[in-house]
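User: Please take a close look at one part of this predicted model, namely the aromatic contacts and the strands that carry them. A connected account in formal terms would be appreciated.

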Amino acid sequence: MVWIAQHDQPMFEPKPTARADMTAGALYAVTGEGGWTYYGQVTSEKKVGFFHRRDRETVAAELVLTGPIMTVTSVAYPSITRALRAGCWRKLGRFRLADELCAPLPSVQWPVGTLTVTVWVGDGPDHDTRVEDPAIQDMELMAVWDAVEHIPARLTADFGTEEASWHVGGPIWRERRIKEEIAQRSDQPCHQLPADWVPTSKR
């Protein structure tokens, strides 16, 4: 992945002694870009499921938890602690896990230097396939994101209303687009696409 830090002003009261709560059901309000508040709930796998909802002011948990899930990804635990202490995230409490988050979602391991990827379900590999396989395009690339440096831009990209920065990955189709963009921008051999690369289609 290519990372470019996004620095927005904290939206919540800083909590200097706060620590990340990765108990399943813990719900957070999350500072996004442009003054938006998003919401994320910790899953039983200690990932964070972000809801397809954003508000200018934080709303009650019951209004959030019945909505659709937008993204489920891994967020570095220490970075959540930093986000809470800086006022970029705020814990809203622990609640029943949203229905869409009860079962583990598949994710994709994409080793460097190959177009063969492994689909994981839960804690183990399920099967191998090619990176252009239509069935995996919306699956999450296995990666760990930073709550402060990466998540705001990621939420903008996932919400899909504003144009997102080209370098923000996550689902496999966006990761493929990043590699295509880097290949266009660079004349370095290491960034060129292999001969059997299947181009992405515009989405």
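Analyst: Tyr-38 has a relative accessible area of 0% and is therefore buried. Phe-159 also counts as buried, at 17% relative accessibility, given that the cut-off is under 20%. In this predicted model, the count of aromatic pairs comes to four. The rings of Tyr-38 and Phe-159 form an edge-to-face pair, because their planes stand at 80° with the centres 6.0 Å apart. This contact links distant parts of the chain, as Tyr-38 belongs to strand β2 and Phe-159 to helix α3 (residues 151-159), 121 residues apart.

Trp-110 and Trp-197 form a stacked pair, with 6.4 Å from centre to centre and 20° between the planes. Trp-110 lies in the loop between β6 and β7 (116-121), whereas Trp-197 lies in the segment after α4 (172-185), so the pair ties together parts that are 87 residues apart in sequence. Both Trp-110 and Trp-197 are buried.

Ring pairs also join Tyr-28, Phe-50 and Trp-89 into a cluster. Tyr-28 leads to strand β1, where it shares one buried side with Ala-26 and Val-30. The other side of β1 holds Leu-27, Ala-29 and Thr-31, which are buried as well. Six of the six residues of β1 (residues 26-31) are buried, so the strand is largely enclosed by the rest of the structure.

The pairing of β1 brings the cluster and the strands together. Five bridges connect β1 with strand β5 (residues 89-94) in the antiparallel sense, and Trp-89 of β5 is the bridge partner of Val-30. β1 is likewise joined to strand β2 (residues 37-42) by five bridges, again running antiparallel. Within that pairing, Ala-29 stands opposite Tyr-39. β1 and β2 make up a hairpin with five residues between them, and Gly-34 in its turn has a positive phi of about 70°.

Two arginine side chains add contacts of another kind to aromatic rings. Arg-54 lies over the face of Trp-36, at 4.1 Å from the ring centre. The charged end of Arg-154 is placed over the ring of Trp-145, 4.6 Å from its centre.

The loop that holds Trp-110 follows strand β6, which belongs to an open, mixed sheet of four strands in the order β8-β7-β6-β9. Its edge strands, β8 (124-130) and β9 (140-141), each pair on one side only. Strand β6 (residues 107-109) runs parallel to β9 and is joined to it by two bridges, with Val-108 opposite Leu-141.

Terms used
Residues numbered from 1 in each chain as written. Heavy atoms only, no water. Pairing = 2+ DSSP bridges. Buried < 20%, exposed > 50% of the residue type's maximum accessible area, 1.4 Å probe, protein only. Phe/Tyr/Trp six-rings, centres within 6.5 Å; stacked < 30°, edge-to-face > 60°. Lys NZ or Arg CZ within 6 Å of the ring centre and 35° of its normal.
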